[in-house]
Amino acid sequence: MTDAVISAQHLDLTFQTGDGPVHALRDVNLTIDKGDFVSFIGPSGCGKTTFLRCIAGLETPTGGDLTVNGMTPDEARKARAYGYVFQAAGLYPWRTIGGNIRLPLEIMGFSKADQAERVKRVLELVDLAGFEKKYPWQLSGGMQQRASIARALAFDADILLMDEPFGALDEIVRDHLNEELLKLWARTEKTIGFVTHSIPEAVYLSTKIVVMSPRPGRITDVIDSPLPRERPLDIRDTPEFIAIAHRVREGLRAGHQED
Amino acid sequence: MKGTLGPVLTVILAILAIWYVACVPMNVREVLSAAERDGAVVTPTDPVERRDAGAVGLVLNNTAHLGASWSLDRAKLPAPHQIAVELWNTTVVEEMTGRRGIVNSGSLSNRGLVYHAGITLWATVLGFVIGTGLGILLAVGIVHSRTMEMSVMPWAIVSQTIPIVALAPMIIVVLYSVGLQGMLPKAVISAYLSFFPVVVGMVKGLRSPDQSQLDLMHTYNASKSAVLVKLRLPASVPYLFASLKIGIAASLVGAIVGELPVQQGGLGARMLAGSYYGQTSQIWAALIAAAALAALLVWSIGALERRTLRRMGVV
Ligand SMILES: Nc1ncnc2c1ncn2[C@@H]1O[C@H](COP(=O)(O)OP(=O)(O)OP(=O)(O)O)[C@@H](O)[C@H]1O
Ligand SMILES: [Mg+2]
């Protein structure tokens, strides 16, 4: 328990909307350890984004307990404990790639020299060295998404929260970025929360797969992956991989049938 | 550009043609009086009867005596070429050969149009800068404070429903009574007209970042001022420029209106003086100078906009 980075107990979140309450999260219990790569998978509307936003202190749960590094999410946010990668890259069009990555650094008051050094380092990390002076519109969608990951990495938060970062990309680019992401995770030893709709992506990346189901949003299965941390792309053809993918699919199907 | 030249020329030619035709009935009474003085027989001969007759009827009955329609000294409607001559005389000729012109006196002639346009220009620019600054400050306040929005916005809207011609003399009198005169009262009126479009555009622009962009700032635990400087202000730049183009034109109107009641120079004073002395071509020349000034100002804002957006990497 000592190295639990994120811990949720009986977490509830109900949105009050014009047409009545929406139970986005109901009785969610989950512990994420330091260095875990956790994927959240489930049908649309099951509360994946909402859970991630709760961890990030962007939504306030209506019930239960949630701690991040032993603090409340809001305290963790103020301690700048995490970087958040949104579904859309969301780079500011009036800033260069370097300028976008510098944005959090400027806000957090890093020195000029430190900023330059960090920008250079994270750009190399996401394979975008040499694109510092380009504007977002001069980059492809995949490159923009990598730049937004670099932006989240720049200030060295130990938690990285990613909401379908590769959702809009084609399979080949996605495979490549998945591989890069695993290498990056191995190098930086961050704790990663990752939302996806793709079963292979979830199984390939994760040490822990959280299967969720909607109405009300809840966790139906948590799978601890037996796969080794070192994962070449062709691990996806091994029986272990296929077995986990099968279990995830079963979990998703079970969630559906309960409706 | 090439494609627009044809239509634009056609429109200009049509306007000129209509103008020349309109000069005839507009000026017919003065033309006939002058002709009569020179010994011509005009119908009807009785001046009283002529006063009551319709302009078109007079034209049709006296087709032989209309030659002076386009060359009257104090025409009700001067012909375009007369205005062009007036423009030429009050700018180039006045400055080159006039006793007070720039060639002979070393400074712009206070009887020339350039001098008066300059006065109006400075009042406009000063008022525009004040109005824009005020507008941006108000917009920042409105975006950050609900109370400010509730208390300021209705007044800003009401302020725009008061006709400026009614308000301008009061502003001038009030400011005069506290010892302010000259450029500043005009600039105040000018600022009064230009701040509103800036407020409206900037409020919209400062609110243009979407929720995910604000969330991103939130994850950095960014202060309100950081959000303002790093996100809201840059995002509002295109909106600002759209407002500035409206604002600068409004500023010019404000400066001219502010010059009407006080005969202390400027295009507005020039227009009013022209109407006192029946110098219609002077009014028209001042009007054209004002239009040219407006075009120049709006074009300058456009050029600044293009430069700024290019430097920001957008477009
Ligand atoms: N701000 C909000 N106000 C009201 N309801 C909301 C709000 N945000 C989310 N919801 C509702 O909460 C539920 C969960 O939404 P959430 O965005 O977390 O789903 P998701 O699992 O991320 O779906 P997707 O895979 O489509 O992104 C949905 O029914 C959604 O309509
Ligand atoms: Mg989502």
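Which are the buried residues of α1(A)? In this predicted model, they are A:K48, A:T50, A:F51, A:L52, A:R53, A:C54 and A:I55, and the legends below begin with the helix that holds them.

**Figure 1. Helix α1 of chain A, which spans residues 48–55, is mostly covered.** Of the 8 residues in this helix, 7 are buried, and the buried set includes nonpolar side chains such as A:F51, A:L52 and A:I55 as well as the charged residues A:K48 and A:R53. Just after α1(A) comes A:G57, a residue whose phi is positive, at about 75°.

**Figure 2. The largest cavity of the structure has a volume of about 70 Å³.** A search of the whole structure for cavities of 30 Å³ or more finds 1. The residues that line the largest cavity are A:L125, A:V126, A:R146, A:I149, A:F166, A:L177, A:E180, A:L181 and A:L184. Sorted by class, this lining consists of 7 nonpolar and 2 charged residues, with no polar residue. Two helices of chain A, α5 (141–153) and α6 (171–188), each contribute at least two residues to the lining, and α6(A) provides the largest share, with 4 residues. The lining also draws on two domains of chain A, since at least three residues come from domain 1 (1–81 + 157–163 + 178–259) and at least three from domain 2 (89–156).

**Figure 3. The largest pocket has a volume of about 350 Å³.** It is lined by 16 residues, of which B:E86, B:T90, B:R270, B:Q279 and B:Q282 are the closest to its centre. Three helices of chain B, namely α4 (80–97), α12 (267–276) and α13 (280–311), each supply at least two residues of the lining, and α4(B) gives the most, with 6 residues. When the lining of the largest pocket is sorted by class, there are 4 nonpolar, 7 polar and 5 charged residues.

**Figure 4. A:T196, in strand β7 of chain A, makes contacts through its side chain.** Strand β7 covers residues 191–196. Is A:T196 buried or exposed? A:T196 counts as buried because its relative accessible area is 2%, which is under the 20% limit used for that word. A polar atom of the A:T196 side chain lies 2.9 Å from the backbone nitrogen of A:S198, and a polar contact of 2.6 Å joins the side chain of A:T196 to that of A:E201.

**Figure 5. Three places in the backbone of chain A are shown for their torsion angles, at A:P216, A:H10 and A:D156.** The peptide bond that runs from A:R215 to A:P216 is cis, with omega near -10°, and A:P216 is found in the loop between β8 (208–213) and β9 (218–224). A:H10, in strand β1 (residues 4–17) of chain A, has a positive phi of about 50° although it is not a glycine. A:D156 also is not a glycine and has a positive phi, of about 60°, but A:D156 is found in the loop between α5 and β6 (159–163). A:D156 is described as partly exposed because its relative accessible area is 39%, a value between the limits of 20% and 50%.

**Figure 6. A:K133 lies in the loop between α4 (112–125) and α5 of chain A.** Why is A:K133 called exposed? The reason is that its relative accessible area is 70%, and the word is used for values over 50%. A:K133 and A:T238 are 105 residues apart in sequence, and their C-alpha atoms are 42 Å apart in space.

**Figure 7. Two annotated spans, one in chain A and one in chain B, are taken from UniProt records.** In chain A, an unreviewed UniProt entry lists residues 8–235 as "domain: ABC transporter". The C-alpha atoms at the two ends of this span lie 31 Å apart, and the span is 34% helix and 28% strand. In chain B, an unreviewed UniProt entry places "domain: ABC transmembrane type-1" at residues 113–305. The end C-alpha atoms of the chain B span lie 29 Å apart, and its content is 85% helix and 0% strand.

Definitions and conventions. Residues numbered from 1 in each chain as written. Chains lettered and ligands numbered in written order. Predicted model: local features only at pLDDT ≥ 70, side-chain atom pairs only at ≥ 80, totals over all residues. Heavy atoms only, no water. 1 Å grid on protein atoms, 1.4 Å probe; cavity = no way out; pocket = protein on both sides within 12 Å on 5 of 7 lines; lining within 4 Å. Points joined across faces, edges and corners; volume = space filled by probe spheres on them. Domains from an automatic or database assignment. UniProt positions renumbered as here; feature names shortened; annotations may be inferred. Buried < 20%, exposed > 50% of the residue type's maximum accessible area, 1.4 Å probe, protein only. Polar contact = N/O pair within 3.5 Å; in protein donor to acceptor, adjacent residues only side chain to side chain.
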